[in-house]
Amino acid sequence: MAELSGLQVFKYLPASQKLPEGNCKKCGFSTCMAFALKLAKTQTDIELCPYVAEELKSVFTQSMKRPQKEVILGKKHKVIIGNEDVLFRHDKTFINRTAIGIVLDTDEKNWDEKLDRINNFEITRVNETFKIDVVYLKGENISSELIGKLEENFAVLTDESLKKHPIKQIEEKTLPETIKELTEIRRKAILEKDENCSNPVCIYFKHHENMLELMSKASIYLCKYANMLIFEDFDEALISTLMTLRQNIYTDPQKPLQVESKVYEFNNPDENSLIFLTTNFALTYFAVANEIEALNKPAYLVVTPSDGMSVLTAWSAEKFTAQIAAKTVKNAGIAEKLKNKKIIIPGLLSHMKEEIKEALPEFEILVGPNEAYLLSDFVRSL
Ligand code: SF4
């Protein structure tokens with residue numbers, strides 16, 4: 001059962017049924033409706049109303065149950081999975097990222113090389129750094145020393161320890177069958193609060209010959225609805241792709257990722273440096289910043305305050321206007337430092353070139369490429 005709305009709670013209260021005790025204020029609120037609205041948000045205690053019907057208590061208790069259990073893996077390095085309470089990310093947000101684990105079989109030859117690769121694996125994207133979450137140990141040669149070392153950086157699982165956690169393991173079948181099973185489990189957990197489906201779900205991938213097929217399956221299960229993915233294969237490209245996808249899915253859709261609006265300096269800029277202009281949407285910023293960094297040329301990047309919106313979205317929502325761009329550039333105080341006054345605006349805003357020129361008459365406005373990855377070719381062509 002989904003959480004109750006204030007109106008649904010109100011229907012059980014005396015005022016809704018026009019009983020004499022309705023709106024009696026004994027709960028500390030001036031009306032039953034006020035109490036209902038607070039109760040629905042769990043900001044008050046159901047026991048404060050002496051007239052609450054038993055039916056409401058039972059419906060309310062059921063509606064307040066978390067649909068999925070939270071499971072904490074690891075001793076020193078903790079990884080949390082589960083506790084999800086929506087079917088779709090845009091309903092609210094997904095909570096605990098799908099854990100990604102790699103099997104380390106100590107009976108395999110070269111397992112220590114695999115361990116080195118796991119230890120060294122790390123990706124940084126949009127200011128966050130990701131490493132492997134879980135190492136799943138197998139084989140006859142598991143020593144407590146090895147476990148101790150691994151526990152410093154990973155949640156360590158074995159066949160036995162996995163069984164001790166309330167985690168449902170799903171056998172990988174065909175793609176449609178597995179999706180169907182995962183979806184049914186999540187739907188029953190969220191919509192019906194079915195306790196038989198409340199354990200987080202783990203999928204174990206045996207060795208795959210076809211890495212592309214493995215990538216497709218794992219990407220789909222990560223979106224719907226695996227809480228943990230364990231791989232016998234360790235392929236850096238596969239894991240990087242999954243972590244990128246995971247980062248996109250597990251951000252809060254109501255909180256745009258944004259960076260501070262200011263002037264960023266690259267490679268010790270001087271009076272001849274180029275100025276690039278973009279919005280403060282984090283993905284846009286990091287895409288552009290990485291390219292500028294790689295140019296190995298001194299440059300400024302002016303980032304406008306655009307509520308974390310990407311270039312075109314900001315323009316259409318009037319969060320990126322010529323006036324905002326001009327004000328940001330002027331406040332940055334870089335005009336005085338520069339001999340070579342050239343600003344490169346995003347190609348997607350080429351239609352704003354004249355407007356920006358009017359707002360910043362002392363600058364030459366150059367229209368850059370539509371995509372950040374084309375910046376180096378563009379700069380070379382200048
Ligand atoms: Fe309504 Fe109960 Fe509060 Fe009285 S105590 S106002 S009946 S909710």
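## A walk through the model, starting at Asn110

Select Asn110 to begin: you'll find this residue in the loop between S3 and helix H4 (111–120). The labels H and S stand for helices (DSSP runs of H or I, at least four residues) and strands (DSSP runs of E, at least two), numbered from the N terminus. Asn110 isn't a glycine, yet its phi is positive, about 65 degrees. With 44% relative accessibility, Asn110 counts as partly exposed. That label covers what falls between buried (under 20% relative accessible area) and exposed (over 50%), using a 1.4 Å probe and protein chains only.

Before moving on, a word about what's on screen. This is a predicted model, in which local features need pLDDT of at least 70 and side-chain atom pairs count only at pLDDT 80 or more, while totals for chains, interfaces and linings use all residues. Residues are numbered from 1 along each chain as its sequence is written, and side-chain values use heavy atoms, leaving out hydrogens and water.

**Another asparagine, and a cis bond**

Now jump to Asn296, in the loop between H10 and strand S13 (299–304). Here too phi is positive in a residue other than glycine, near 60 degrees. Asn296 is exposed, at 63% relative accessible area.

Next, pick Lys224 and Tyr225: the peptide bond from Lys224 to Tyr225 is cis, with omega near -10 degrees. Tyr225 sits in the loop between H8 and strand S10 (228–231).

**Salt bridges**

Side chains of opposite charge can pair when their charged atoms come close. A salt bridge here is a side-chain nitrogen of Lys or Arg within 4 Å of a carboxyl oxygen of Asp or Glu, and the structure holds 18 of them.

Select Asp85 and Arg66 for one of these, with the closest N and O atoms 3.0 Å apart. Asp85 is in the loop between strand S2 (79–82) and strand S3 (99–105), and Arg66 is in the loop between helix H3 (54–64) and strand S1 (70–73), so this pair ties together parts that are 19 residues apart in sequence. Asp85 is buried, at 12%, whereas Arg66 is partly exposed, at 41%.

Then try Lys217 and Glu172, where the closest N and O atoms are 2.8 Å apart. This pair joins distant parts of the chain, 45 residues apart: Lys217 is in helix H8 (residues 211–223), and Glu172 is in the loop between strand S8 (168–170) and helix H7 (175–191). Lys217 is buried, with a relative accessible area of 11%.

For a pair within one helix, go to Asp377 and Arg380, whose side chains meet in a salt bridge (3.4 Å, N to O). Both lie in helix H14 (residues 375–381), three residues apart, about one turn of the helix. Asp377 is partly exposed, at 46%, and Arg380 is exposed, at 62%.

Last in this group, select Glu47, Glu54 and Lys57 together: salt bridges link them in a network.

**The cavity and its ligand**

Which residues surround the ligand? They are Pro14, Glu21, Asn23, Cys24, Lys25, Lys26, Cys27, Cys32, Phe35, Cys49, Pro50 and Tyr51, near in the sense of having a heavy atom within 4 Å. By class, that shell has eight nonpolar, one polar and three charged residues. Nonpolar means Ala, Val, Leu, Ile, Met, Phe, Trp, Tyr, Cys and Pro, charged means Asp, Glu, Lys and Arg, and the others, Gly among them, are polar.

The ligand takes up the space of the largest cavity, as more than half of its atoms lie within 2 Å of the cavity's grid points. On a 1 Å grid over the protein atoms alone, a cavity is a set of points where a 1.4 Å probe fits but cannot get out; a pocket is an open set with protein on both sides within 12 Å along at least five of seven lines, and lining residues have an atom within 4 Å of a point.

The largest cavity has a volume of about 90 Å³, and 16 residues line it, with Cys24, Lys25, Cys27, Cys32 and Cys49 closest to its centre. Volume is the space filled by probe spheres set on the grid points, which are joined across faces, edges and corners.

**The largest pocket**

For the final stop, select Thr284, Val288, Asn370, Glu371 and Ala372, which lie nearest the centre of the largest pocket among its 21 lining residues. This pocket holds about 350 Å³ of space. Strand S12 (274–279), helix H10 (282–295), helix H11 (311–316) and strand S14 (342–345) each give at least two residues to the lining, which has 14 nonpolar, six polar and one charged residues.
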